[in-house]
Every structure is written in C-alpha cells, then in structure tokens.
Amino acid sequence: MSKRDNTLKEILDLILYENPSTQEEIAERLGISRRYVTKLLQPLVKDGTVKRAYTIDLKSYEKFTSSIDHNSAPKNTAGNVLLNDMLVNMARHVHSQLETSFDAVLEYDEAKANKALEMDFATNNMVEKIRTSVETIANINYHSEFSKSVIYNEVAYDLERIGDYCGHIAKFVINDIYEIHRDVLKKLKKMHKTAQKMIRLAMNAFIDGETELKDDLMELEDSIHILQSKAINLIATQMTETSFDEKEKSNYFIYLFRVIKAFERIGDISVEIMDAAIEFHENIPRPTTPRTFR
C-alpha cells in the first residue's frame with residue numbers, strides 16, 4: 001500500500017471509529033494538513049464513498065479498502081468489524097471490572113473497590129459510543145442486511161448491566177466492616193470463576209458465531225444456581241446464630257446477599273447474550289416467555 005493510500009485509509013478509519021466533526025479535526029488527529037485531507041477525500045465525496053464529508057458508505061468503503069490492500073479479505077462488512085472491535089473492547093473492560101471488584105472483596109481493599117466503581121463510568125461511555133455507531137451505520141445502510149446491527153445495542157446494554165452488578169460486588173467492601181466466612185467465600189470464588197467463563201462463552205458466540213457453545217453455557221448456569229443455593233444456605237445458618245439487635249451484622253448479611261445475587265444475575269445476562277447471538281447468526285428469534293417461566 002502506498003503512503004498516500006495508507007493515509008487515506010487512516011482518514012476513513014478515523015471517520016468510522018471516531019466520528020470527527022471537521023476536516024481540521026481529522027488533520028490534527030493524523031498530524032497532516034487540512035488541505036491534504038481535502039485533496040484525499042474529494043474523489044471519494046464525488047463517487048459517494050464519503051457522504052456529507054463525514055459519513056461513509058460502507059459498501060463503497062469495502063471496495064476501496066480491498067482495492068488498496070489485496071492482503072485483507074475480511075469476511076464481515078466494515079460495519080461488523082467496527083462494532084465487533086468495540087464490543088470486544090467493552091467485554092474485555094467488563095471482565096477487568098469484575099476481576100477488580102472481586103479482588104477488592106478477597107483482599108478487603110477499599111481502594112480497589114473504588115477503582116472498580118470508577119471503571120463503570122468507562123463502561124457507560126462504551127455503551128453510548130456503540131449506540132451512536134449503530135445509528136450511524138444503520139442510517140448509511142438502511143436497506144441492507146446490516147439492519148440486524150440493532151442487536152449490537154442489546155449486547156452492549158447487557159455488558160453495561162454486568163458492569164452494574166460488578167458495582168454491587170465492589171460496594172460490599174465499601175459498605176461493610178465484616179470479613180466473609182471462609183465457607184461462604186469458597187462458594188463466591190467458584191461463582192466468580194463460573195461467571196467469568198459464562199461471559200467469555202457468550203461473547204465468543206456473538207463475536208465469532210460459536211453458537212454451539214450454548215450447551216456449555218447452560219451447564220455453567222446450572223452450576224452457578226447450585227452454588228448460589230449453597231451459599232444462601234450457609235448464610236442462613238449464620239443468621240440464626242446472630243442477634244437481630246446487631247444492626248451492623250444485619251446489614252452485612254443484606255450486602256452479602258447482594259454479592260451472591262450479582263453473580264447469579266451476571267450468569268443470567270450471559271445467557272441473554274447467547275440468545276442474542278443465536279438470533280443474530282442463525283436467524284432464530286429469541287423466546288418471548290420470561291426465562292423464569294420456561
């Protein structure tokens with residue numbers, strides 16, 4: 001690829017991924033002159049690849065990129081690649097958020113708990129970026145197969161919900177002054193490990209089309225519900241040994257139940273992502289009956 005073509009592709013990728021407002025902004029981000037940006041974009045504006053200067057016709061974009069880079073032959077559309085990358089980054093961030101939240105519990109580290117809560121701001125921003133990108137791509141290719149891209153919004157929202165439950169886990173450390181009993185902690189460690197696996201399987205199904213992973217995911221969901229039941233029974237036994245006059249201890253149990261519920265809900269949301277993956281890749285509509293009544 002020539003230096004000129006490489007620069008032009010960088011400009012188009014910047015428009016796709018960053019949504020710049022002006023040619024000045026493009027030039028500043030890439031360290032080139034605005035005049036050079038105008039010169040490179042002008043032919044693409046004329047042939048319709050770039051519309052209204054700052055949106056891109058994805059079909060024309062694919063033809064352009066394939067013509068200047070014969071080594072790249074993506075199986076997905078440019079829009080798929082963009083949104084897949086954004087979702088992969090978001091899932092990676094949420095994994096880290098969950099890890100940080102539970103590390104805070106294991107180490108009883110309030111600083112890590114606060115860090116996990118701060119990470120939720122980034123999670124929320126990622127959802128908004130994906131939503132905006134989906135709207136842009138859907139508007140450009142309104143009649144194309146990519147109308148299915150709305151499902152990306154749903155998966156991003158599901159990841160955001162997982163981030164919210166990570167916050168419930170982190171808040172346990174901030175709100176409470178008691179350490180978790182070792183028997184309960186063992187169950188929580190297993191729930192954490194299972195939840196991380198479930199998120200990973202669900203996202204692999206959606207990003208890579210590995211919908212055959214659903215059986216493995218459902219086995220993990222059964223496991224996390226069994227662990228939840230065992231943990232609740234252990235806590236119930238502890239509660240019988242605690243006086244109702246101990247307000248702080250009562251709050252401890254309430255916050256601990258929220259941690260257990262958070263892991264269970266993360267598992268349920270992972271199943272919802274898997275259902276979205278099956279609809280997206282296999283065109284099988286998701287069941288409308290709530291999962292608790294199936």
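**Exercise 1.** Determine which residues Leu87 touches, not counting residues up to four places away in sequence.

*Solution.* Step 1: take contact as heavy atoms within 4.5 Å. Step 2: with that criterion, the partners of Leu87 are Ile130, Tyr152, Val155, Ala156, Leu159, Met203, Phe206 and Ile207.

The model is predicted, so local features need pLDDT of at least 70 and side-chain atom pairs count only at pLDDT 80 or more, whereas totals for chains, interfaces and linings use all residues. Residues are numbered from 1 along each chain as its sequence is written, and side-chain values use heavy atoms, with hydrogens and water left out.

**Exercise 2.** Identify the members of the largest nonpolar core that touch the most other members, and state which helices supply this core.

*Solution.* Step 1: a nonpolar core is a set of buried (under 20% relative accessible area, 1.4 Å probe, protein chains only) Ala, Val, Leu, Ile, Met, Phe, Trp, Tyr and Cys residues joined through side-chain atoms within 4.5 Å. Step 2: the largest such core has 66 residues, and Leu87, Leu188 and Phe263 touch the most other members. Step 3: at least two residues of this core come from each of α5 (78-107), α6 (110-140), α7 (150-175), α8 (182-208), α9 (214-240) and α10 (247-282). Step 4: α10 provides the largest share, 17 residues. Step 5: apart from this core lies another of twelve residues, including Leu8 and Leu40.

**Exercise 3.** Describe the order of secondary structure elements along the chain.

*Solution.* Step 1: helices (H or I, at least four residues) and strands (E, at least two) are DSSP runs, numbered from the N terminus. Step 2: the chain holds ten helices and two strands. Step 3: their order is α-α-α-β-β-α-α-α-α-α-α-α.

Terms used. Buried means under 20% relative accessible area, exposed over 50%, partly exposed in between (1.4 Å probe, protein chains only).
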